[in-house]
Amino acid sequence: MLRTALIYLSESKTAKAVVTKTPLRRMSKRFVPGEEIKDFLRAASEANAADLEVTGNYLGEAEHDERTARDAANAYLQILEGIVSQKLKGNISVKPTQVGLEIGKEFFKENLRPLLDRAKEAGVFVRWDMESSEWTQATLDPFEELWAEGYQNMGVVLQSYLRRTMDDAKRMNELGVRVRLCKGAYVEPPEVAFQDKAEVDRNYVEVSKVLMKDGVYPALATHDDAIIHTLKDFASAEGIGPERFEFQMLHGVRRDLQQQLRKDGYNVRVYVPFGISWYPYLMRRLAERPANVLFFVGSVVRESPLGFLWPKPKQQK
């Protein structure tokens, strides 16, 4: 019921108007700093000042029109130019269907090439975000094709809730591709994805270990204290230095943990989304997993004077 309500709210113009004109909008800026490129650049600069690197994402939906898909690609070029001109420590995260993958693979590759060319010239890394399972292979195929053409200033995202992910991780290791591992948030059938949180977490840890040991600078995207402790212990036991991987977290989420990890000598990158689609992004992120409501609230509480009330996590084995 909660999930249905959140999806409804994500599509409601009335609800958006209410949120935009109330203190809830100010709170949402903690997670989505604004609608314009200048908002991203400000947030990125603040993150860099806190010794955190960033990855920028222009919020938007899957595009079915070539013109709007090209507009989205141009928006990512603006992010890149902003990173370069302000000498920020950051890279870019691109949503494939937003820049034309649904229109067709060849159009998508053509539309993405100018960004990859400029990024290669500027020394800026480009990450391909991963969407629902129906797009997993459809994303990896053009990725490998462009990789074979010499575009190797890019990497992909894999999701630990998918049953195929261990095989995909090993394939990316063979190619020398940098992988960001996340848990995944789309609703998927049991034959495709693990349904139990414990199984998703267990697979996350096992895939992470393979990426850390055999991969190229993996990005471990998690806010889970127990998983982070487990992976830190694994790195120590295997002699894997903190310079060989990084932790990634969402902008505004567990800022206390971000700072503690940096203090402990680990690399941390913050995923900073921006754009006019901030409202459906935020609501759908909550709707994808209603437990995220508690998660976001917990992130705020942990950093407050009431943080001692939040239960301590158990370490993953």
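**Exercise 1. Locate Asp51 in the chain, and describe its backbone and its exposure.**

Asp51 belongs to the loop that runs between helix 4 and strand 1 (53-58), where helices (H or I, at least four residues) and strands (E, at least two) are DSSP runs, numbered from the N terminus. This is a predicted model, in which local features need pLDDT of at least 70 and side-chain atom pairs count only at pLDDT 80 or more, while totals for chains, interfaces and linings use all residues. Residues are numbered from 1 along each chain as its sequence is written, and side-chain values use heavy atoms, with hydrogens and water left out.

The next step is the backbone: Asp51 is not a glycine, and yet its phi is positive, at about 70 degrees. Most residues other than glycine have a negative phi. The last step is exposure: the relative accessible area of Asp51 is 40%, so the residue is partly exposed, given that buried means under 20% relative accessible area, exposed over 50%, and partly exposed in between (1.4 Å probe, protein chains only).

**Exercise 2. Find the place of Arg254, and decide whether Arg254 is buried or exposed.**

Arg254 sits in the loop between strand 7 (246-250) and helix 11 (255-263). Its phi is also positive, near 50 degrees, in a residue other than glycine. With a relative accessible area of 5%, Arg254 is buried.

**Exercise 3. Work out how helix 5 and helix 6 pack, and which residues make the contact.**

Begin with the geometry: helix 5 (residues 66-85) packs on helix 6 at an angle of about 10 degrees, and their axes are 10 Å apart. Axes here are lines fitted to C-alpha atoms, for helices over the stretch in contact, and angles run from 0 to 180 degrees between N-to-C directions. Helix 5 is therefore roughly parallel to helix 6, since angles under 35 degrees count as roughly parallel, over 145 as roughly antiparallel, 65 to 115 as roughly perpendicular and the rest as oblique.

Next, list the participants: helix 5 contributes Glu66, Ala69, Arg70, Ala73, Tyr76, Leu77, Leu80, Glu81 and Val84, and helix 6 contributes Phe107, Glu110, Asn111, Pro114, Leu115, Arg118, Ala119 and Ala122, contact meaning heavy atoms within 4.5 Å. By class, these residues divide into 11 nonpolar, 1 polar and 5 charged, where Ala, Val, Leu, Ile, Met, Phe, Trp, Tyr, Cys and Pro count as nonpolar, Asp, Glu, Lys and Arg as charged, and the others, Gly among them, as polar.

Finally, follow one residue of this contact, Ala122 of helix 6. Not counting residues up to four places away in sequence, Ala122 touches Leu80 and Val84; Val84 is 38 residues away in sequence, while the C-alpha atoms of the pair are 7.1 Å apart. Ala122 has 29% relative accessibility and so counts as partly exposed.

**Exercise 4. Determine the angle and the handedness with which helix 6 and helix 7 pack.**

Helix 6 (residues 105-122) and helix 7 (residues 136-148) have axes 11 Å apart and pack at an angle of about 50 degrees, which means that helix 6 is oblique to helix 7. Their crossing is right-handed; a crossing is left-handed if the near helix is turned anticlockwise from the far one by less than a right angle, and right-handed if clockwise. On the side of helix 6 the contact involves Lys105, Phe108, Lys109, Leu112, Arg113 and Leu116, and on the side of helix 7 it involves Pro142, Glu145 and Leu146. These residues comprise 5 nonpolar, no polar and 4 charged.

**Exercise 5. Describe the packing of helix 8 with helix 9, and then the setting of Gln195.**

Helix 8 (residues 165-175) and helix 9 (residues 197-214) pack at an angle of about 10 degrees with axes 10 Å apart, so helix 8 is roughly parallel to helix 9. Thr165, Met166, Ala169, Lys170 and Asn173 of helix 8 meet Asn203, Glu206, Val207, Val210, Leu211 and Asp214 of helix 9, a set that divides into 5 nonpolar, 3 polar and 3 charged.

Gln195 is placed in the loop between strand 5 (178-182) and helix 9, and its 48% relative accessibility makes it partly exposed. Leaving aside residues up to four places away in sequence, Gln195 touches Glu188, Pro189 and Pro190.

Notes: Contact = heavy atoms within 4.5 Å.
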